[in-house]
Amino acid sequence: MTSSPSSRSRSKSLAAQSRGPHVVVGVCGGIAAYKACELIRRFTESGHDVRVVPTESALRFVGAATFAALSGNPVTTDVWTDVHEVPHVTLGRRADLIVVAPATADFLARMVIGRSDDLLTATLLTARCPIVIAPAMHTEMWEHPATRANVATLRDRGIVVLDPAVGRLTGADSGIGRLPEPDEIFRVARTVLARGPVTPDLAGRHVVVSAGGTREPLDPVRFLGNRSSGRQGYAIARAALARGAEVTLVSANAALFDPAGAKVVRVATAEEMRDAVIEAAASADAVVMAAAVADFRPAQRATSKVKKTDADPDPVALVRNPDILAEIATDRRRAGQVVVGFAAETDNVLDNGAKKLAAKQCDLMVVNEVGENRTFDAEHNSATILGADGSSTIVPEGSKEDLGHAIWDLVLARLS
Ligand code: CTP
């Protein structure tokens with residue numbers, strides 16, 4: 001039996017301060033349990049009321065005191081503490097969202113068969129709110145038919161099960177099985193909390209999203225680039241993943257965590273992006289070009305760093321880059337493929353957007369205003385989405401993921 005040593009009065013005052021949604025964070029016994037601390041912090045700092053429910057094994061990795069201090073609430077693993085409050089029922093009923101991170105293979109199996117032999121599994125049985133599960137385990141365990149079947153069953157029940165990330169595992173080995181970054185889990189959780197469990201209406205669809213900004217080298221250390229952070233493209237990819245799509249994200253120079261479950265192809269230049277997008281588009285139902293692609297590149301690329309002691313430089317001669325969007329849209333790689341472009345404009349925003357839609361022959365053009373302090377690197381965005389059919393959809397200021405969902409709603413209508 002485990003309960004936190006934290007002072008009740010402090011817990012109450014912290015919990016009372018937070019009037020936000022009630023989130024239960026379940027933590028299982030895996031090495032990635034330490035990353036749950038960062039996730040809990042994200043929730044509490046953004047005003048959520050967090051109850052941490054670890055398994056007994058999780059407490060072998062991280063102590064109850066840490067979870068109690070970070071959440072400002074008592075921490076219990078079993079159903080025998082504070083029995084008068086019937087915690088296994090009240091926690092589940094009160095929760096607006098349950099997130100389990102990390103979830104082990106054993107935990108997935110226990111959840112599938114409906115075990116309720118600790119507080120976490122009991123809470124999951126009584127809860128009727130959305131549930132997000134972030135598994136982490138060794139590659140062999142993730143790929144085992146038993147785990148595959150368990151994940152499929154949980155997804156069938158409407159539970160959001162994230163794919164683990166690919167990378168270094170506990171030992172020297174690497175592969176699929178890493179816990180997605182806490183920031184990534186937090187974003188998915190926040191979207192599920194805002195929208196409820198998302199209908200997997202893009203299941204069975206392959207979509208390609210480009211993101212970031214291309215860099216065109218002048219020499220080995222300098223380039224012509226732009227201010228795109230990649231956030232909008234990543235948010236579009238995340239929205240598609242939440243709706244069940246298979247996502248290829250062609251990413252140019254974005255310093256962001258990989259969205260859980262996406263196939264990420266990293267590129268640097270416009271020409272590399274063209275090759276990657278064209279290849280992925282061959283099997284895609286939809287292509288969204290959210291990347292800021294450089295229209296020109298230096299005609300010459302010095303093989304050594306240009307020194308200031310070199311002769312006074314000539315003006316940099318530029319040559320035109322391929323227009324990837326126009327190429328994809330005019331020569332569809334797949335019948336019925338929906339092609340979406342972005343028009344980032346500083347002036348005459350809607351007029352220029354409409355001209356771009358016609359010139360590039362895509363199905364949808366997401367038109368937004370950009371400038372020094374607008375859109376780039378921001379968390380929010382607003383846009384008007386123009387359709388080749390004459391439609392115009394205003395998406396009010398909201399998260400970049402909200403804009404992503406608005407795009408997928410329109411894409412889906414054109415796919416079916
Ligand atoms: N785009 C592209 N290839 C390029 C340039 C742009 O695929 N070489 C795509 C972008 O990803 C975006 C759309 O075209 O979806 C519009 O990009 P934008 O930079 O707004 O327009 P440009 O065509 O470059 O026109 P301009 O810079 O003159 O506004």
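Colleague: Against which elements do the buried residues of helix 10 pack?

Modeller: In this predicted model, the buried residues of helix 10 include Ile185, Phe186 and Val188. Their partners comprise both helices and strands. The strands are strand 3 (97-103), strand 4 (131-135) and strand 5 (160-161). The helices are helix 2 (33-45), helix 11 (231-242) and helix 15 (400-415).

Colleague: Why is helix 10 described as largely enclosed by the rest of the structure?

Modeller: Buried here means under 20% relative accessible area. Among the residues of helix 10 that meet this cut-off are Pro182, Ala189 and Val192. Helix 10 is largely enclosed because the buried residues number 10 of the 14.

Colleague: What distance does helix 10 reach from its first C-alpha to its last?

Modeller: Helix 10 covers residues 182-195, which is 14 residues. At 1.5 Å a residue, 20 Å is expected, and the helix comes close to that with a reach of 20 Å.

Colleague: Which residue of strand 7 stands opposite arginine 168?

Modeller: Strand 6 (residues 165-168) and strand 7 (residues 174-178) pair in the antiparallel sense over 4 bridges. A hairpin of 5 residues joins the two strands. Opposite arginine 168 stands serine 174.

Colleague: How much of the ligand's accessible area does the protein cover?

Modeller: The ligand is surrounded by 15 residues, with Lys360 among the closest. A polar side-chain atom of lysine 360 lies 2.5 Å from a ligand oxygen atom, and a backbone N or O atom of proline 322 lies 2.9 Å from a ligand nitrogen atom. Of the 570 Å² that the ligand has accessible on its own, the protein covers 77%.

Notes. Residues are numbered from 1 along each chain as its sequence is written. This is a predicted model: local features need pLDDT of at least 70, side-chain atom pairs count only at pLDDT 80 or more; totals for chains, interfaces and linings use all residues. Side-chain values use heavy atoms; hydrogens and water are left out. The expected span of a helix is 1.5 Å times one less than its number of residues. Buried means under 20% relative accessible area, exposed over 50%, partly exposed in between (1.4 Å probe, protein chains only). Contact means heavy atoms within 4.5 Å. Two strands pair if DSSP finds at least two bridges between them. A residue is near a molecule or strand if one of its heavy atoms lies within 4 Å of it. A polar contact is a pair of N or O atoms within 3.5 Å; within protein, one must be able to donate a hydrogen and the other to accept it, and residues adjacent in sequence count only if both atoms are side-chain atoms. Accessible areas come from the Shrake-Rupley method with a 1.4 Å probe; for residues, only the protein chains shown count as cover.
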